[in-house]
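Student: Could you take one small part of this protein and walk me through it slowly? I'd like to see how it sits in the whole chain.

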Amino acid sequence: MEVYHRPCDEGGFNAEEAHNVVKECVDAVLGGEDYNHNNINQWTASIVEQSLAHLVKMGKAYKYIVTCAVAQRSAYGFHTASSCFWDTTSDGTCTVRWENRTMNCIVNVFAIAIVL
Amino acid sequence: MAERHSRKQEAWQLEQSAESSPREPQGQNREDKASVSTVSHVDEPSPRDEASRLTVRMENTYQLGPTRHFPVAAVNHILKDVLTAYLQEAEYDPEFCRQMTKTVSEVIKAKVKELMIPRYKLIVTVYIGQQDGQSILISSRCLWNPKSDTVSSYALRNSTLFALANVYAVYFE
């Protein structure tokens, strides 16, 4: 019988590369800005959309889920956790934490392999 | 397609011949003047390298889509039940909430797995934060096949904390 080869993955998700890509996007959108309630909607939308666009440009056969949480930097507590049920050999995740003087930003990228 | 296929074979053989030195999962701190970012990995590379050498080769299923779609309403109920049960009466406390995020995400994952929806991969994310008059915005975008993949979400607020739970269900084609 024919053996079906998976042309994607090549060793699983490359978290380093994704981290760099996402960090550049966040820097581009939020770098040098101060927290502003009016713009925050637009900023999160652009961070997420740009990250997604850059991830797709990497050309790998993955489905992506990108989440972004931006919060004002003050004395408050915030926790986030995620648990995933997937194939650990091909799928992966990457988290980027970014902060400046006035705000904190956490971006999660989940990548799930597509078997073509 | 053929080129990618041959490249993959080559990469696979190279992996086999060279003993890949395990990369330590480290956090890298790059200090800029105005921003700090860190990377965190959860997986260890060495067991994954071995596992990818033994990657299962899938046969074609000839299925065009899921036989049973993901029941968004049922999962919404699960999220609501779990969050209210664990957090409705809770006060914000750093240690407690740190533990709770992990516990709640595991519990939600277990309950959704009980539904036994075939060929769906799950990602459960839980955010718990102190409600202190500050502003926070959480958003997400997904690149997937909207006919088969979906998201389900529930947010809960009480006097001292807020909690948001998302379940992303991705069909394994």
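Tutor: Let's zoom in on one histidine, A:His37, and start with its surroundings. Keep in mind that this is a predicted model. Chain A has 2 helices and 4 strands, and if you read along the sequence you meet them in the pattern α-α-β-β-β-β. Now look at the two helices: α1 covers residues 15-30 and α2 covers residues 40-57, and A:His37 sits in the loop between them.

Is A:His37 buried or exposed? A residue counts as exposed when its relative accessible area is over 50%. A:His37 has 54% relative accessibility, so this histidine counts as exposed. For background, 55% of the 116 residues of chain A count as buried. The accessible surface of the chain adds up to about 4700 Å², and carbon and sulfur atoms make up 48% of that.

Next, try finding A:Tyr76 in the picture. Along the chain, A:His37 and A:Tyr76 are 39 residues apart, and their C-alpha atoms are separated by 17 Å. To put that on the scale of the whole chain, the C-alpha trace spans about 60 × 25 × 20 Å along its principal axes.

What about contacts across the chain as a whole? Taking those with a separation of 6 or more, 73% are between residues 24 or more positions apart.

One last thing to look at is charge. Chain A carries 8 positive and 13 negative charges, and the mean positions of the two sets are 5 Å apart. Histidine isn't included in that count.

Methods
Residues numbered from 1 in each chain as written. Chains lettered and ligands numbered in written order. Predicted model: local features only at pLDDT ≥ 70, side-chain atom pairs only at ≥ 80, totals over all residues. Heavy atoms only, no water. Buried < 20%, exposed > 50% of the residue type's maximum accessible area, 1.4 Å probe, protein only. Contact = heavy atoms within 4.5 Å. Areas by Shrake-Rupley, 256 points an atom, 1.4 Å probe, with all protein chains shown as cover. Charge placed at Lys NZ, Arg CZ, Asp CG, Glu CD.
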